[in-house]
Amino acid sequence: MSARPSRRPAAAPRSVRPAAASNAVAGTAAPAQAMALYEQVKDHISRKIQEGIWRAGDRLPSENELVTQFGISRMTVNRALRELVEQGRIVRVAGVGSFVAEDKPQSTLLQIANLASEIRQRGHDYRCDVLAVERISATLDIAAALDLRTGESVFHSLCIHREDGLPVQLEDRHVNPRQVPQFAAQDFTQLQPSEYLVRNVPFDQIEHVVDAVMPTAEQAALLEMSPLEPCLLLTRRTWSRGVPITVVRCLHPATRYRLGSRFRADGNPVAG
């Protein structure tokens, strides 16, 4: 007896993914998942800080606690914490733990900031202590900065800017008397030097250079800080038609202030 052919329809052919493609997909799944997990940790911590549940100086859960809480690897938690440090949200102390960072005001780098206005806009009290307004002989570096001869007469002013009584900037300024002959005659208790210059002396070029420095003992005393703490030094020069107007060194305690800017691709600052 001959066997009858089967009436069952042939099974549809299954699509077979090449092993290489399968491995490629599998290889991209893990990084995507890891990224989502470390972002979850960052969002969790940032939200707690933003809502005021964790305040400046509060200690965060340890890495081990976060590993247990989220069920993820220590490496993933470490990446989240590292990026929060880079964003200035937290600080990490070796052997101690992670803490919510102090909220540091930020000043612009693209323009000449009106420090008094910035501080008052934050709802804080502003004060400028004018320590010196004098005429001195230009040192080699000041003469070079202002395109003058060494020993030539220049104006010098020294001020401390305070936010709620705490020093946030030591302003050490030298002014070209050829450009601003009436500088030393001003009443800087009413209008601080930077604001006076911006209002009264037209300028068409600005140079900003930022350095991380350690303060001298005298600078640390004036800023009411430890000489072992670092500072941000913003050095600014302005020109009018190629002639230098002023060079000023603004020293900020790094734990109290931040310098930065947001700007469009065309170089113009973003308002707001």
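Is Cys-250 buried or exposed? Cys-250 is buried, with a relative accessible area of 3%. I started from that residue and then worked through the rest; here are my notes.

1. What we're looking at. Keep in mind that this is a predicted model. The chain has seven helices and 10 strands. Of its 272 residues, 36% are buried. Among the contacts with a separation of 6 or more, 60% come from residues 24 or more positions apart.

2. Cysteines. If you were planning to set up disulfides, there are zero in the whole structure. Cys-250 is in none, and the nearest cysteine sulfur, that of Cys-159, is 9.7 Å away. What about Cys-128, and which cysteine sulfur is closest to its own? That one also belongs to Cys-159, at 4.2 Å, and the pair is not bonded because this is too far. The cut-off behind that call is 2.5 Å between the sulfur atoms.

3. The sheet. Six strands make up an open sheet, and going across it you meet β4-β5-β6-β9-β8-β7, with antiparallel pairing. At the edges sit β4 (126-137) and β7 (205-213), each of which has a pairing on one side only. Ignoring direction, neighbouring strands here are turned by 15° against each other on average. As a general reminder, strands of a sheet pair through backbone hydrogen bonds, in either a parallel or an antiparallel way.

4. β8 and its two partners. On one side, β8 (residues 231-240) is joined by 10 bridges to β9 (residues 243-253), and the two run antiparallel. Two pairs to look up in the viewer are Trp-239, which stands opposite Pro-244 in β9, and Arg-237, whose bridge partner in β9 is Val-247. With β7, the antiparallel pairing of β8 runs over nine bridges. There, Asp-211 stands opposite Leu-233 in β8.

5. How covered is β8? Eight of its 10 residues are buried, so the strand counts as mostly covered. Leu-234 is found in this strand, and its relative accessible area of 4% makes it buried. Leu-234 also gives a handy example of sequence distance against spatial distance: Asp-211 is 23 residues away along the chain, but the C-alpha to C-alpha distance is 6.7 Å.

6. His-156. This residue has its place in strand β5. At 10% relative accessibility it counts as buried. Which residue shares a side-chain polar contact with His-156? Asp-172 does, at 2.6 Å. Leaving out residues up to four places away in sequence, His-156 touches Ala-132, Val-133, Glu-134, Ile-136, Asp-172, Arg-173 and His-174. If you assign protonation states by hand, this is the contact list to have open.

7. Helix α6 on the sheet. Helix α6 (residues 193-200) lies across β5 (153-163), β6 (166-175), β8 and β9, and runs at about 50° to β6. Which residues of α6 are buried? They are Pro-193, Ser-194, Glu-195, Tyr-196 and Leu-197. These buried residues pack against β5, β6, β8 and β9.

8. The nonpolar core. The largest nonpolar core has 14 residues, and those that touch the most other members are Ile-45, Ile-49, Trp-54, Leu-60, Leu-81 and Ile-90. Helices α1 (19-50) and α3 (74-86) each supply at least two residues of this core. For Ile-90, the contacts beyond four places in sequence include Ile-45, Ile-49, Leu-60 and Leu-81, along with Phe-99 and Val-100.

9. Positive phi outside glycine. Two residues to look at in a Ramachandran plot are Glu-224 and Arg-241. Glu-224 is not a glycine, yet has a positive phi of about 55°. Its place is in the loop between α7 (217-222) and β8, and at 43% relative accessibility it counts as partly exposed. Arg-241 likewise has a positive phi, near 55°, without being a glycine. Arg-241 belongs to the hairpin of β8 and β9, which has two residues between the strands. At 79% relative accessibility, Arg-241 counts as exposed.

Key. Residues numbered from 1 in each chain as written. Predicted model: local features only at pLDDT ≥ 70, side-chain atom pairs only at ≥ 80, totals over all residues. Heavy atoms only, no water. Pairing = 2+ DSSP bridges. Helix = DSSP H or I, 4+ residues; strand = E, 2+ residues; numbered from the N terminus. Axes fitted to C-alpha atoms, helices over the stretch in contact; angles between N-to-C directions. Contact = heavy atoms within 4.5 Å. Buried < 20%, exposed > 50% of the residue type's maximum accessible area, 1.4 Å probe, protein only. Polar contact = N/O pair within 3.5 Å; in protein donor to acceptor, adjacent residues only side chain to side chain. Core = buried A, V, L, I, M, F, W, Y, C linked by side-chain atoms within 4.5 Å.
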